[in-house]
Amino acid sequence: MTEKRENWGSRFGFLMAAAGSAVGLGNIWRFPYLTGMNGGAAFIFIYLGCVALIGLCIMTAEFAVGRRSGLAAVGAYKKVSDKWTFAGALGVLSGFFIMGFYPVVGGWAMAYIAKSFTGLLAAPEAIGDAFGAFITAPVEPLVWMVIYLVINVLIVAKGIQSGIEAAGKVMMPMLYVILAAIIFRTASLPGASEGFKFLFTPDFSKVTGQTFLAALGQAFFSLSLGMGCMITYGSYLNKEEKLPQNALIVTTMDTSVALLAAVAIFPALASFGVEPTAGPGLVFVVVPQIFAQMGGVVGPIFSALFFLLLFIAALTSSVSLLEVVVAYLIDQHRMERKKAVYITSAIMAVMCVLSSLSMGVMSGVQIFGVGFFDFFDILTDKIFLAIGGGLLAICVGFFMKKEDLKDELTNGGTISFPAFELWYNLTKYVIPVVIAWIAFAGITAIAQKGLMIFGVLVIVVLAVFSKKL
Ligand code: PHE
(Lines give C-alpha, C1' and ligand atoms only; values in the text may rest on other atoms or scores of the structure.)
Protein backbone atom coordinates (compact mmCIF):
# COMPACT_ATOMS: atom_id res chain seq x y z
CA MET A 1 0.00 0.00 0.00
CA THR A 2 1.50 3.32 -1.04
CA GLU A 3 -0.45 6.12 0.63
CA LYS A 4 -1.45 6.00 4.27
CA ARG A 5 -4.97 4.81 4.99
CA GLU A 6 -7.22 7.13 6.95
CA ASN A 7 -7.88 6.66 10.68
CA TRP A 8 -10.30 8.01 13.27
CA GLY A 9 -8.93 11.10 15.01
CA SER A 10 -10.05 10.22 18.51
CA ARG A 11 -11.81 7.58 20.52
CA PHE A 12 -14.79 9.86 21.10
CA GLY A 13 -14.99 10.56 17.38
CA PHE A 14 -15.01 6.87 16.53
CA LEU A 15 -17.67 6.14 19.14
CA MET A 16 -19.91 8.91 17.84
CA ALA A 17 -19.49 7.69 14.26
CA ALA A 18 -20.14 4.04 15.13
CA ALA A 19 -23.08 4.85 17.40
CA GLY A 20 -24.26 7.23 14.66
CA SER A 21 -24.27 4.35 12.22
CA ALA A 22 -26.20 2.13 14.59
CA VAL A 23 -28.74 4.68 15.78
CA GLY A 24 -31.04 5.32 12.85
CA LEU A 25 -34.48 4.79 11.40
CA GLY A 26 -34.27 1.32 12.92
CA ASN A 27 -34.36 2.74 16.43
CA ILE A 28 -36.79 5.62 16.21
CA TRP A 29 -39.19 4.50 13.49
CA ARG A 30 -39.06 0.72 13.48
CA PHE A 31 -38.43 -0.26 17.10
CA PRO A 32 -41.46 1.53 18.59
CA TYR A 33 -43.92 0.06 16.10
CA LEU A 34 -42.45 -3.44 16.34
CA THR A 35 -42.79 -3.16 20.10
CA GLY A 36 -46.39 -2.05 19.72
CA MET A 37 -47.25 -4.90 17.39
CA ASN A 38 -45.48 -7.61 19.40
CA GLY A 39 -46.82 -7.26 22.90
CA GLY A 40 -44.81 -4.38 24.38
CA ALA A 41 -42.53 -5.42 27.19
CA ALA A 42 -42.38 -9.07 26.08
CA PHE A 43 -40.88 -8.04 22.75
CA ILE A 44 -38.45 -5.67 24.44
CA PHE A 45 -37.33 -8.47 26.73
CA ILE A 46 -36.59 -10.83 23.80
CA TYR A 47 -34.98 -8.04 21.79
CA LEU A 48 -32.60 -7.28 24.65
CA GLY A 49 -31.68 -10.96 24.80
CA CYS A 50 -30.86 -10.98 21.08
CA VAL A 51 -28.77 -7.84 21.38
CA ALA A 52 -26.82 -9.11 24.38
CA LEU A 53 -26.17 -12.62 23.09
CA ILE A 54 -25.84 -12.19 19.34
CA GLY A 55 -25.52 -8.51 18.49
CA LEU A 56 -22.72 -7.81 20.92
CA CYS A 57 -20.71 -10.87 19.78
CA ILE A 58 -21.08 -10.04 16.09
CA MET A 59 -20.14 -6.42 16.62
CA THR A 60 -17.03 -7.46 18.54
CA ALA A 61 -16.21 -9.86 15.70
CA GLU A 62 -16.73 -7.20 13.01
CA PHE A 63 -14.45 -4.73 14.80
CA ALA A 64 -11.79 -7.43 15.16
CA VAL A 65 -11.96 -8.51 11.51
CA GLY A 66 -11.87 -4.91 10.33
CA ARG A 67 -8.96 -3.75 12.43
CA ARG A 68 -6.94 -6.93 11.90
CA SER A 69 -7.13 -6.58 8.13
CA GLY A 70 -7.08 -2.80 8.00
CA LEU A 71 -9.46 -3.10 5.07
CA ALA A 72 -13.15 -2.60 4.34
CA ALA A 73 -15.57 -5.51 3.97
CA VAL A 74 -14.43 -7.09 0.68
CA GLY A 75 -10.70 -6.74 1.37
CA ALA A 76 -11.09 -8.00 4.93
CA TYR A 77 -12.80 -11.20 3.82
CA LYS A 78 -10.42 -11.61 0.90
CA LYS A 79 -7.53 -11.64 3.34
CA VAL A 80 -9.02 -14.72 4.99
CA SER A 81 -9.36 -16.44 1.63
CA ASP A 82 -10.44 -15.69 -1.94
CA LYS A 83 -13.34 -18.03 -1.36
CA TRP A 84 -14.72 -15.61 1.22
CA THR A 85 -14.68 -12.54 -1.01
CA PHE A 86 -18.34 -13.07 -1.78
CA ALA A 87 -19.34 -12.45 1.83
CA GLY A 88 -17.78 -8.99 1.62
CA ALA A 89 -19.38 -8.43 -1.77
CA LEU A 90 -22.72 -9.34 -0.25
CA GLY A 91 -22.14 -6.60 2.32
CA VAL A 92 -21.38 -4.01 -0.35
CA LEU A 93 -24.49 -5.06 -2.23
CA SER A 94 -26.54 -4.77 0.97
CA GLY A 95 -25.18 -1.26 1.45
CA PHE A 96 -26.32 -0.36 -2.05
CA PHE A 97 -29.75 -1.84 -1.57
CA ILE A 98 -30.41 -0.29 1.84
CA MET A 99 -29.37 3.01 0.27
CA GLY A 100 -32.01 2.30 -2.36
CA PHE A 101 -34.76 3.26 0.11
CA TYR A 102 -33.18 4.76 3.25
CA PRO A 103 -32.67 8.28 1.76
CA VAL A 104 -36.32 8.28 0.69
CA VAL A 105 -37.41 7.99 4.32
CA GLY A 106 -34.64 10.41 5.35
CA GLY A 107 -36.15 12.88 2.88
CA TRP A 108 -39.60 12.37 4.41
CA ALA A 109 -38.14 13.25 7.82
CA MET A 110 -36.67 16.47 6.38
CA ALA A 111 -39.95 17.34 4.73
CA TYR A 112 -41.77 16.85 8.02
CA ILE A 113 -39.45 19.26 9.82
CA ALA A 114 -40.70 21.92 7.42
CA LYS A 115 -44.29 20.67 7.39
CA SER A 116 -44.49 20.94 11.18
CA PHE A 117 -44.54 24.71 10.70
CA THR A 118 -46.64 24.93 7.55
CA GLY A 119 -50.07 23.81 8.59
CA LEU A 120 -49.67 20.02 8.95
CA LEU A 121 -50.73 20.16 12.59
CA ALA A 122 -53.64 22.54 11.96
CA ALA A 123 -55.94 19.71 10.87
CA PRO A 124 -55.13 16.66 13.03
CA GLU A 125 -57.83 14.53 11.42
CA ALA A 126 -56.23 15.02 7.99
CA ILE A 127 -52.67 14.05 8.99
CA GLY A 128 -53.02 10.46 7.81
CA ASP A 129 -54.35 11.48 4.39
CA ALA A 130 -51.75 14.21 4.10
CA PHE A 131 -48.99 11.63 4.63
CA GLY A 132 -50.49 9.34 2.00
CA ALA A 133 -50.76 12.20 -0.46
CA PHE A 134 -47.20 13.34 0.25
CA ILE A 135 -45.43 10.00 -0.22
CA THR A 136 -47.39 9.11 -3.35
CA ALA A 137 -46.75 12.48 -5.04
CA PRO A 138 -44.32 12.22 -7.96
CA VAL A 139 -42.13 15.27 -7.31
CA GLU A 140 -42.08 16.60 -3.73
CA PRO A 141 -40.59 13.54 -1.99
CA LEU A 142 -37.98 13.29 -4.75
CA VAL A 143 -36.82 16.83 -4.11
CA TRP A 144 -36.34 16.09 -0.40
CA MET A 145 -34.63 12.78 -1.17
CA VAL A 146 -32.13 14.54 -3.44
CA ILE A 147 -31.38 17.20 -0.81
CA TYR A 148 -30.90 14.43 1.76
CA LEU A 149 -28.57 12.48 -0.53
CA VAL A 150 -26.52 15.57 -1.38
CA ILE A 151 -25.86 16.16 2.35
CA ASN A 152 -24.68 12.54 2.57
CA VAL A 153 -22.36 13.06 -0.36
CA LEU A 154 -20.88 16.21 1.14
CA ILE A 155 -20.09 14.45 4.42
CA VAL A 156 -18.61 11.25 2.97
CA ALA A 157 -16.63 13.12 0.30
CA LYS A 158 -14.73 14.90 3.10
CA GLY A 159 -13.37 11.62 4.35
CA ILE A 160 -13.15 9.90 7.69
CA GLN A 161 -11.91 12.52 10.13
CA SER A 162 -13.21 15.76 8.71
CA GLY A 163 -16.36 14.24 7.24
CA ILE A 164 -17.92 11.26 8.99
CA GLU A 165 -16.24 11.74 12.37
CA ALA A 166 -16.89 15.48 12.51
CA ALA A 167 -20.55 14.99 11.62
CA GLY A 168 -20.97 12.30 14.28
CA LYS A 169 -19.34 14.43 16.97
CA VAL A 170 -21.81 17.24 16.40
CA MET A 171 -24.95 15.28 15.62
CA MET A 172 -24.93 12.46 18.15
CA PRO A 173 -24.81 14.64 21.29
CA MET A 174 -27.53 16.78 19.66
CA LEU A 175 -29.62 13.69 19.16
CA TYR A 176 -29.48 12.79 22.84
CA VAL A 177 -30.39 16.32 23.91
CA ILE A 178 -33.43 16.44 21.59
CA LEU A 179 -34.56 12.99 22.68
CA ALA A 180 -34.33 14.02 26.32
CA ALA A 181 -36.39 17.17 25.64
CA ILE A 182 -39.10 15.18 23.88
CA ILE A 183 -39.28 12.55 26.60
CA PHE A 184 -39.47 15.22 29.24
CA ARG A 185 -42.45 16.76 27.44
CA THR A 186 -44.33 13.56 26.56
CA ALA A 187 -43.73 11.78 29.86
CA SER A 188 -45.47 14.57 31.74
CA LEU A 189 -48.66 14.37 29.66
CA PRO A 190 -51.81 13.38 31.56
CA GLY A 191 -52.50 9.68 31.25
CA ALA A 192 -48.91 8.88 30.28
CA SER A 193 -48.74 6.18 32.93
CA GLU A 194 -50.94 3.91 30.75
CA GLY A 195 -48.22 3.96 28.10
CA PHE A 196 -45.54 3.16 30.63
CA LYS A 197 -47.64 0.29 31.87
CA PHE A 198 -47.87 -1.11 28.31
CA LEU A 199 -44.12 -0.75 27.86
CA PHE A 200 -43.07 -2.31 31.11
CA THR A 201 -45.66 -5.04 31.78
CA PRO A 202 -44.86 -8.01 29.57
CA ASP A 203 -47.75 -9.81 27.86
CA PHE A 204 -46.16 -13.15 26.98
CA SER A 205 -49.39 -14.44 25.43
CA LYS A 206 -48.54 -12.41 22.32
CA VAL A 207 -45.16 -14.10 21.90
CA THR A 208 -44.79 -16.54 19.00
CA GLY A 209 -41.89 -17.80 16.90
CA GLN A 210 -42.44 -14.71 14.78
CA THR A 211 -41.70 -12.49 17.75
CA PHE A 212 -38.25 -14.02 18.06
CA LEU A 213 -37.70 -13.53 14.35
CA ALA A 214 -38.78 -9.94 14.46
CA ALA A 215 -36.53 -9.27 17.45
CA LEU A 216 -33.48 -10.91 15.88
CA GLY A 217 -33.89 -9.21 12.52
CA GLN A 218 -34.36 -5.90 14.25
CA ALA A 219 -31.18 -6.43 16.30
CA PHE A 220 -29.09 -6.89 13.12
CA PHE A 221 -30.58 -3.93 11.33
CA SER A 222 -30.44 -1.62 14.30
CA LEU A 223 -26.85 -2.42 15.24
CA SER A 224 -25.67 -2.07 11.59
CA LEU A 225 -24.46 -5.66 11.51
CA GLY A 226 -24.22 -8.38 8.90
CA MET A 227 -23.08 -6.21 6.01
CA GLY A 228 -19.54 -5.17 6.82
CA CYS A 229 -20.35 -1.73 8.13
CA MET A 230 -18.67 -2.28 11.48
CA ILE A 231 -15.83 -4.10 9.70
CA THR A 232 -15.27 -0.94 7.67
CA TYR A 233 -15.49 1.36 10.70
CA GLY A 234 -13.23 -1.02 12.65
CA SER A 235 -10.64 -0.84 9.88
CA TYR A 236 -10.04 2.83 10.68
CA LEU A 237 -9.32 2.09 14.36
CA ASN A 238 -5.86 2.35 15.83
CA LYS A 239 -4.20 -0.55 17.61
CA GLU A 240 -4.61 0.91 21.09
CA GLU A 241 -8.41 0.87 21.13
CA LYS A 242 -10.09 -1.79 23.22
CA LEU A 243 -12.45 -3.56 20.83
CA PRO A 244 -14.74 -5.49 23.22
CA GLN A 245 -15.25 -2.39 25.33
CA ASN A 246 -16.09 -0.24 22.31
CA ALA A 247 -18.53 -2.85 21.03
CA LEU A 248 -20.23 -2.80 24.42
CA ILE A 249 -20.50 1.00 24.42
CA VAL A 250 -21.92 1.21 20.88
CA THR A 251 -24.40 -1.58 21.58
CA THR A 252 -25.52 0.12 24.78
CA MET A 253 -25.92 3.49 23.07
CA ASP A 254 -27.95 1.99 20.24
CA THR A 255 -30.19 0.02 22.57
CA SER A 256 -30.74 2.94 24.89
CA VAL A 257 -31.93 5.16 22.02
CA ALA A 258 -34.38 2.49 20.88
CA LEU A 259 -35.75 2.18 24.41
CA LEU A 260 -35.86 5.95 24.88
CA ALA A 261 -37.70 6.38 21.57
CA ALA A 262 -40.31 3.92 22.80
CA VAL A 263 -40.50 5.76 26.10
CA ALA A 264 -40.96 9.04 24.21
CA ILE A 265 -43.77 7.73 22.03
CA PHE A 266 -45.84 5.25 24.03
CA PRO A 267 -46.89 7.40 26.98
CA ALA A 268 -48.04 10.05 24.52
CA LEU A 269 -50.04 7.50 22.52
CA ALA A 270 -51.84 6.38 25.62
CA SER A 271 -52.42 9.93 26.71
CA PHE A 272 -54.20 10.75 23.42
CA GLY A 273 -55.91 7.38 23.10
CA VAL A 274 -54.03 6.22 20.00
CA GLU A 275 -53.50 2.49 19.42
CA PRO A 276 -49.88 1.38 19.92
CA THR A 277 -50.24 -1.17 17.11
CA ALA A 278 -50.42 1.52 14.41
CA GLY A 279 -47.58 -0.10 12.42
CA PRO A 280 -45.08 1.56 10.06
CA GLY A 281 -47.19 4.72 9.85
CA LEU A 282 -46.65 5.30 13.57
CA VAL A 283 -43.97 7.95 13.25
CA PHE A 284 -45.26 9.99 10.33
CA VAL A 285 -48.94 9.80 11.07
CA VAL A 286 -49.33 9.34 14.78
CA VAL A 287 -46.50 11.44 16.14
CA PRO A 288 -47.65 14.67 14.41
CA GLN A 289 -51.12 13.92 15.76
CA ILE A 290 -49.72 13.81 19.27
CA PHE A 291 -48.03 17.14 18.83
CA ALA A 292 -51.05 18.66 17.08
CA GLN A 293 -53.10 17.96 20.17
CA MET A 294 -50.54 19.79 22.24
CA GLY A 295 -51.48 22.91 20.32
CA GLY A 296 -50.08 26.45 20.42
CA VAL A 297 -46.52 27.13 19.39
CA VAL A 298 -45.23 24.26 21.49
CA GLY A 299 -46.83 21.61 19.26
CA PRO A 300 -45.09 22.61 16.00
CA ILE A 301 -41.77 23.12 17.76
CA PHE A 302 -41.82 19.66 19.33
CA SER A 303 -43.01 18.09 16.11
CA ALA A 304 -40.15 19.74 14.20
CA LEU A 305 -37.70 18.63 16.90
CA PHE A 306 -38.93 15.05 16.61
CA PHE A 307 -38.38 14.98 12.85
CA LEU A 308 -35.02 16.69 13.25
CA LEU A 309 -34.15 13.84 15.61
CA LEU A 310 -35.26 11.32 12.99
CA PHE A 311 -33.31 13.14 10.28
CA ILE A 312 -30.09 13.27 12.33
CA ALA A 313 -30.40 9.62 13.29
CA ALA A 314 -30.98 8.61 9.67
CA LEU A 315 -28.17 10.78 8.30
CA THR A 316 -25.40 9.38 10.48
CA SER A 317 -26.56 5.90 9.45
CA SER A 318 -26.81 6.47 5.72
CA VAL A 319 -23.39 8.08 5.78
CA SER A 320 -22.03 4.75 7.05
CA LEU A 321 -23.91 2.83 4.38
CA LEU A 322 -22.40 5.00 1.65
CA GLU A 323 -18.97 4.61 3.25
CA VAL A 324 -19.16 0.80 3.04
CA VAL A 325 -19.34 1.01 -0.76
CA VAL A 326 -16.90 3.91 -1.07
CA ALA A 327 -14.31 2.24 1.17
CA TYR A 328 -14.51 -0.89 -0.98
CA LEU A 329 -13.79 1.10 -4.14
CA ILE A 330 -10.91 2.91 -2.46
CA ASP A 331 -9.35 -0.22 -0.93
CA GLN A 332 -9.82 -2.69 -3.77
CA HIS A 333 -9.82 -0.46 -6.83
CA ARG A 334 -7.61 2.41 -5.70
CA MET A 335 -10.33 4.82 -6.67
CA GLU A 336 -10.07 8.38 -5.47
CA ARG A 337 -12.54 9.08 -2.61
CA LYS A 338 -14.51 11.87 -4.25
CA LYS A 339 -14.90 9.96 -7.48
CA ALA A 340 -16.05 6.87 -5.57
CA VAL A 341 -18.60 8.95 -3.66
CA TYR A 342 -20.04 10.58 -6.79
CA ILE A 343 -20.33 7.40 -8.82
CA THR A 344 -21.82 5.41 -5.94
CA SER A 345 -24.34 8.02 -4.92
CA ALA A 346 -25.46 8.59 -8.50
CA ILE A 347 -26.45 4.92 -8.71
CA MET A 348 -28.12 5.13 -5.31
CA ALA A 349 -30.06 8.19 -6.45
CA VAL A 350 -31.51 6.26 -9.36
CA MET A 351 -32.54 3.42 -7.03
CA CYS A 352 -34.13 5.95 -4.65
CA VAL A 353 -36.10 7.55 -7.48
CA LEU A 354 -37.54 4.12 -8.28
CA SER A 355 -38.30 3.49 -4.58
CA SER A 356 -39.95 6.84 -4.09
CA LEU A 357 -42.05 6.55 -7.24
CA SER A 358 -43.08 3.02 -6.26
CA MET A 359 -45.19 4.62 -3.53
CA GLY A 360 -47.34 6.32 -6.15
CA VAL A 361 -47.13 6.55 -9.93
CA MET A 362 -45.01 3.42 -10.26
CA SER A 363 -46.88 1.30 -7.73
CA GLY A 364 -47.96 -0.98 -10.59
CA VAL A 365 -44.35 -1.90 -11.41
CA GLN A 366 -43.59 -4.95 -9.32
CA ILE A 367 -40.69 -7.32 -8.92
CA PHE A 368 -41.56 -10.59 -7.22
CA GLY A 369 -44.86 -9.13 -6.16
CA VAL A 370 -43.55 -6.00 -4.45
CA GLY A 371 -42.67 -2.44 -5.49
CA PHE A 372 -39.08 -1.17 -5.59
CA PHE A 373 -39.17 0.27 -2.07
CA ASP A 374 -40.24 -3.03 -0.51
CA PHE A 375 -37.95 -4.97 -2.82
CA PHE A 376 -34.83 -3.22 -1.48
CA ASP A 377 -36.15 -3.27 2.08
CA ILE A 378 -37.22 -6.91 2.31
CA LEU A 379 -34.21 -8.20 0.37
CA THR A 380 -31.75 -6.63 2.80
CA ASP A 381 -33.59 -6.68 6.08
CA LYS A 382 -35.11 -10.15 5.80
CA ILE A 383 -32.44 -11.97 3.80
CA PHE A 384 -29.02 -10.39 3.26
CA LEU A 385 -28.25 -9.06 6.76
CA ALA A 386 -29.06 -12.26 8.64
CA ILE A 387 -27.17 -14.42 6.14
CA GLY A 388 -24.31 -11.90 6.16
CA GLY A 389 -24.12 -12.12 9.96
CA GLY A 390 -24.18 -15.90 9.85
CA LEU A 391 -21.40 -15.97 7.26
CA LEU A 392 -19.27 -13.68 9.38
CA ALA A 393 -19.71 -15.90 12.44
CA ILE A 394 -18.73 -18.99 10.42
CA CYS A 395 -15.77 -17.24 8.83
CA VAL A 396 -14.48 -16.02 12.18
CA GLY A 397 -15.16 -19.28 14.01
CA PHE A 398 -13.90 -21.78 11.48
CA PHE A 399 -11.58 -19.97 9.08
CA MET A 400 -9.63 -17.58 11.26
CA LYS A 401 -7.02 -18.64 13.80
CA LYS A 402 -8.18 -18.51 17.39
CA GLU A 403 -4.80 -17.07 18.48
CA ASP A 404 -5.12 -14.27 15.95
CA LEU A 405 -8.56 -13.36 17.23
CA LYS A 406 -7.34 -13.43 20.81
CA ASP A 407 -4.35 -11.30 19.84
CA GLU A 408 -6.62 -8.74 18.18
CA LEU A 409 -9.17 -8.59 20.98
CA THR A 410 -6.53 -8.26 23.70
CA ASN A 411 -4.33 -5.84 21.77
CA GLY A 412 -1.49 -8.34 21.56
CA GLY A 413 -2.01 -9.53 25.13
CA THR A 414 -1.66 -6.06 26.67
CA ILE A 415 -5.26 -5.84 27.88
CA SER A 416 -7.46 -8.56 29.30
CA PHE A 417 -10.67 -9.82 27.73
CA PRO A 418 -11.96 -12.28 30.34
CA ALA A 419 -15.01 -13.24 28.26
CA PHE A 420 -12.90 -14.32 25.28
CA GLU A 421 -13.78 -18.02 25.48
CA LEU A 422 -17.47 -17.24 25.93
CA TRP A 423 -17.40 -14.85 22.97
CA TYR A 424 -15.51 -17.35 20.83
CA ASN A 425 -17.83 -20.27 21.51
CA LEU A 426 -21.00 -18.24 21.10
CA THR A 427 -19.77 -16.85 17.80
CA LYS A 428 -18.51 -20.15 16.47
CA TYR A 429 -21.21 -22.57 17.57
CA VAL A 430 -24.33 -20.87 18.85
CA ILE A 431 -24.84 -17.92 16.52
CA PRO A 432 -24.61 -19.79 13.19
CA VAL A 433 -27.18 -22.29 14.44
CA VAL A 434 -29.56 -19.61 15.65
CA ILE A 435 -29.24 -17.70 12.38
CA ALA A 436 -29.79 -20.86 10.35
CA TRP A 437 -32.99 -21.32 12.31
CA ILE A 438 -34.05 -17.75 11.55
CA ALA A 439 -33.31 -18.18 7.87
CA PHE A 440 -35.32 -21.38 7.77
CA ALA A 441 -38.23 -19.90 9.68
CA GLY A 442 -38.00 -16.85 7.41
CA ILE A 443 -38.25 -18.88 4.22
CA THR A 444 -41.28 -20.71 5.50
CA ALA A 445 -42.99 -17.63 6.94
CA ILE A 446 -42.38 -14.93 4.37
CA ALA A 447 -45.14 -14.14 1.89
CA GLN A 448 -42.74 -13.22 -0.92
CA LYS A 449 -41.27 -16.65 -1.67
CA GLY A 450 -40.02 -15.59 -5.11
CA LEU A 451 -38.09 -12.72 -3.59
CA MET A 452 -36.57 -15.02 -1.00
CA ILE A 453 -35.37 -17.45 -3.67
CA PHE A 454 -34.04 -14.55 -5.72
CA GLY A 455 -32.06 -13.33 -2.69
CA VAL A 456 -30.49 -16.73 -2.15
CA LEU A 457 -29.67 -16.98 -5.86
CA VAL A 458 -27.93 -13.61 -5.74
CA ILE A 459 -25.71 -14.92 -2.94
CA VAL A 460 -24.91 -18.09 -4.92
CA VAL A 461 -24.04 -16.03 -8.00
CA LEU A 462 -21.78 -13.82 -5.88
CA ALA A 463 -20.10 -16.88 -4.43
CA VAL A 464 -19.28 -18.14 -7.91
CA PHE A 465 -18.24 -14.90 -9.59
CA SER A 466 -16.85 -12.62 -6.89
CA LYS A 467 -13.20 -13.73 -6.85
CA LYS A 468 -12.10 -10.84 -9.03
CA LEU A 469 -13.78 -8.11 -7.00
N1 PHE B 1 -28.49 0.78 11.96
C2 PHE B 1 -29.21 1.63 11.07
C3 PHE B 1 -30.57 1.93 11.66
O4 PHE B 1 -30.87 1.51 12.75
C5 PHE B 1 -29.34 1.07 9.69
C6 PHE B 1 -28.09 0.46 9.14
C7 PHE B 1 -28.05 -0.88 8.81
C8 PHE B 1 -26.93 1.25 8.97
C9 PHE B 1 -26.89 -1.46 8.32
C10 PHE B 1 -25.76 0.68 8.49
C11 PHE B 1 -25.74 -0.67 8.19
O12 PHE B 1 -31.37 2.60 11.08
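The questions and answers below concern a predicted model of a protein with a ligand.

Q: What makes the protein agree with the rule for a compact globule?
A: A compact globule of 469 residues would have a radius of gyration near 23 Å, and the protein has 21 Å, which agrees. Along its principal axes, the C-alpha trace spans about 60 × 45 × 45 Å.

Q: How many helices and how many strands does the protein have?
A: There are 20 helices and zero strands. Of these elements, helix H1 (11–22), helix H2 (25–37), helix H11 (209–222) and helix H15 (298–333) each give at least two residues to the shell around the ligand.

Q: Which residues are the closest of those that surround the ligand?
A: Ala 22, Leu 25, Gly 26, Tyr 102 and Phe 221 are the closest among the 14 residues that surround the ligand. Sorted by class, this shell holds six nonpolar and eight polar residues, with no charged residues.

Q: Why does the pair between Phe 221 and the ligand count as a polar contact?
A: A polar backbone atom of Phe 221 is 2.8 Å from a nitrogen atom of the ligand, and because the cut-off for a pair of N or O atoms is 3.5 Å, this pair counts as a polar contact. A backbone N or O atom of Leu 25 lies 3.0 Å from an oxygen atom of the ligand, and a polar side-chain atom of Asn 27 lies 3.3 Å from an oxygen atom of the ligand.

Q: How much of the ligand's accessible area does the protein cover, and where does the ligand sit?
A: On its own the ligand has 330 Å² of accessible area, of which the protein covers 100%, and the ligand sits in the largest cavity.

Key
Residues are numbered from 1 along each chain as its sequence is written. This is a predicted model: local features need pLDDT of at least 70, side-chain atom pairs count only at pLDDT 80 or more; totals for chains, interfaces and linings use all residues. Side-chain values use heavy atoms; hydrogens and water are left out. A residue is near a molecule or strand if one of its heavy atoms lies within 4 Å of it. A polar contact is a pair of N or O atoms within 3.5 Å; within protein, one must be able to donate a hydrogen and the other to accept it, and residues adjacent in sequence count only if both atoms are side-chain atoms. Accessible areas come from the Shrake-Rupley method with a 1.4 Å probe; for residues, only the protein chains shown count as cover. On a 1 Å grid over the protein atoms alone, a cavity is a set of points where a 1.4 Å probe fits but cannot get out, and a pocket is an open set with protein on both sides within 12 Å along at least five of seven lines; lining residues have an atom within 4 Å of a point. A molecule sits in a cavity or pocket if more than half of its atoms lie within 2 Å of its grid points. Helices (H or I, at least four residues) and strands (E, at least two) are DSSP runs, numbered from the N terminus. Ala, Val, Leu, Ile, Met, Phe, Trp, Tyr, Cys and Pro count as nonpolar, Asp, Glu, Lys and Arg as charged, and the others, Gly among them, as polar. The radius of gyration is taken over C-alpha atoms; the globule rule is 2.2 Å times the number of residues to the power 0.38.
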